[in-house]
There are 2 protein chains.
Amino acid sequence: MPTIEQARPWYAGADPVHDFDHILRVYHTAERLGPPAGADMEILRAAVLLHDAEGAAPGGRGRKQHHLASAEFAERVLSAEGWPPERIAAVLHCIRAHRFRGTGEAPQTPEAQVLFDADKLDVLGAVGVARVVAYAALNGQPFFARPSEGFLAGGEKEPGEPHSAYHEFLFKLRRVQERMFTPQGRALAEERTAYLAEYFARLEREINGEI
Amino acid sequence: MPTIEQARPWYAGADPVHDFDHILRVYHTAERLGPPAGADMEILRAAVLLHDAEGAAPGGRGRKQHHLASAEFAERVLSAEGWPPERIAAVLHCIRAHRFRGTGEAPQTPEAQVLFDADKLDVLGAVGVARVVAYAALNGQPFFARPSEGFLAGGEKEPGEPHSAYHEFLFKLRRVQERMFTPQGRALAEERTAYLAEYFARLEREINGEI
């Protein structure tokens, strides 16, 4: 099966938001969530190590298709290692479903649900603060901009309104907790969402000169 | 005197860590710290708006000399506006001294001490979290890496050890509070340093799987 050291070079050149440190954090979270969810840990670990292998690095096929490209890459790796077809299929399902957003392939198995939850937990908490800020910086966006009323009401930005890290929190991150599949993942997500919300509330108060 | 709208284009093209949002935050903090320190607010506001005008943008003379280059730029701007020489000198002292690190020109006047404190407060608290993470991302460094024992003991990194945002906190940011000049600045710095320390403590606990 793929090892951590085998996986590391697959992520060389990835940006600081989707780099191997992300894989390692998801790996450790999956070690916590997998056993209570009844996951087959060999399938889960392989899925974690392979889930962002294609498209995370600049020059890949792009983030939008990275789950499909990574599944194809995983199939080649696991076939070469002689995995039986049904266990390869189980890994590929995890990888394809980790980007589920209400349509497409939903996570059906314990392994796929744990990968999904562990991956999403990495956008929350103090780690989530760092990743959303780093992502904004790398895309030339500020970490804070005052959201317009239209954005607050329905996610519609005014002309010229930046998509700051705070916008990303309001638009997406604060709702990620609602999408978790496992009870343990949901409990961690709720606590980490509360921290993330407190961070941005404090950021706004500092900028307003209230503290 | 220079206005906020006059100053905005001086910072076009600056990176998200030294951009005009930074100037605006320092401006608002200086409005809080200036009156109790007995600062001449016209001198202080001019110094705030001009203090990073040169060298903050990529292609400038570089961060290490940006206080001197910005003082020269300020002299041209204020002379063209017909400021009296002694008031120009007071602004230039603020700008040159805002980068004081134990040697060189120390902040001697209330205006210079307030600019120094307001500028340093912007590396602490929730704003400080965002700026140190953004700076690391823009320089290809991770937001977290485990510091070596040598770095913890004396700031000496091992070969290949990254300079993560956490390293910058340990090496520099946690000690900034000791360098404040005004009582109000010091009180704010202590509270914001405590928040910054809590953030990194939490980040490490999340990464270790302890929470």
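**Exercise 1. Determine how many salt bridges a search of the whole structure finds, and place one that lies within chain A.**

Step 1. Over all chains, the search returns 25 salt bridges, a salt bridge being a side-chain nitrogen of Lys or Arg within 4 Å of a carboxyl oxygen of Asp or Glu. The model is a predicted one, in which local features need pLDDT of at least 70, side-chain atom pairs count only at pLDDT 80 or more, and totals for chains, interfaces and linings use all residues. Residues are numbered from 1 along each chain as its sequence is written, chains are lettered from A and ligands numbered from 1 in the order in which they are written, and side-chain values use heavy atoms, with hydrogens and water left out.

Step 2. One of these pairs joins A:Arg87 to A:Asp40, with the closest N and O atoms 3.0 Å apart. The pair links distant parts of the chain, 47 residues apart: A:Arg87 belongs to helix 5 (residues 85-97) of chain A, whereas A:Asp40 sits in the loop between helix 2 and helix 3 (41-50) of chain A. Helices here are DSSP runs (H or I, at least four residues), numbered from the N terminus.

**Exercise 2. Describe the interface of chain A and chain B by its contacts, buried area and polar pairs.**

Step 1. Taking contact as heavy atoms within 4.5 Å, 30 residues of chain A touch 30 residues of chain B.

Step 2. The two chains bury about 2600 Å² between them, and 62% of this is on carbon and sulfur atoms; buried area is the accessible area (1.4 Å probe) that two parts lose on being put together, summed over both.

Step 3. Two salt bridges cross this interface, and B:Glu191 forms a salt bridge with A:Arg202 in which the closest N and O atoms are 2.9 Å apart. Between the chains, 14 residue pairs are in polar contact (both at pLDDT 80 or more), which requires a pair of N or O atoms within 3.5 Å, where within protein one must be able to donate a hydrogen and the other to accept it, and residues adjacent in sequence count only if both atoms are side-chain atoms.

Step 4. On the side of chain A that touches chain B, the elements giving two or more residues are helix 2 (20-37), helix 7 (125-138) and helix 10 (183-207) of chain A. Helix 7 of chain A gives the most, with 10 residues.

**Exercise 3. Find the symmetry relation between chain A and chain B.**

Step 1. Chain A is superposed on chain B by a rotation of 180 degrees with 0.0 Å of shift along its axis (RMSD 0.0 Å), using least squares on the C-alpha atoms of residues with pLDDT of at least 70 in both copies. That is the relation of a two-fold axis.

Step 2. In chain A, the C-alpha nearest the axis belongs to A:Ala134, 2.6 Å from it. Because 100% of the interface residues of chain A are also interface residues in chain B, the copies meet through the same surface.

**Exercise 4. Characterise how domain 1 and domain 2 of chain A meet.**

Step 1. An automatic or database domain assignment divides chain A into domain 1 (1-102) and domain 2 (123-211).

Step 2. In contact are 12 residues of domain 1 of chain A and 13 residues of domain 2 of chain A, and the area buried between these domains is about 1000 Å².
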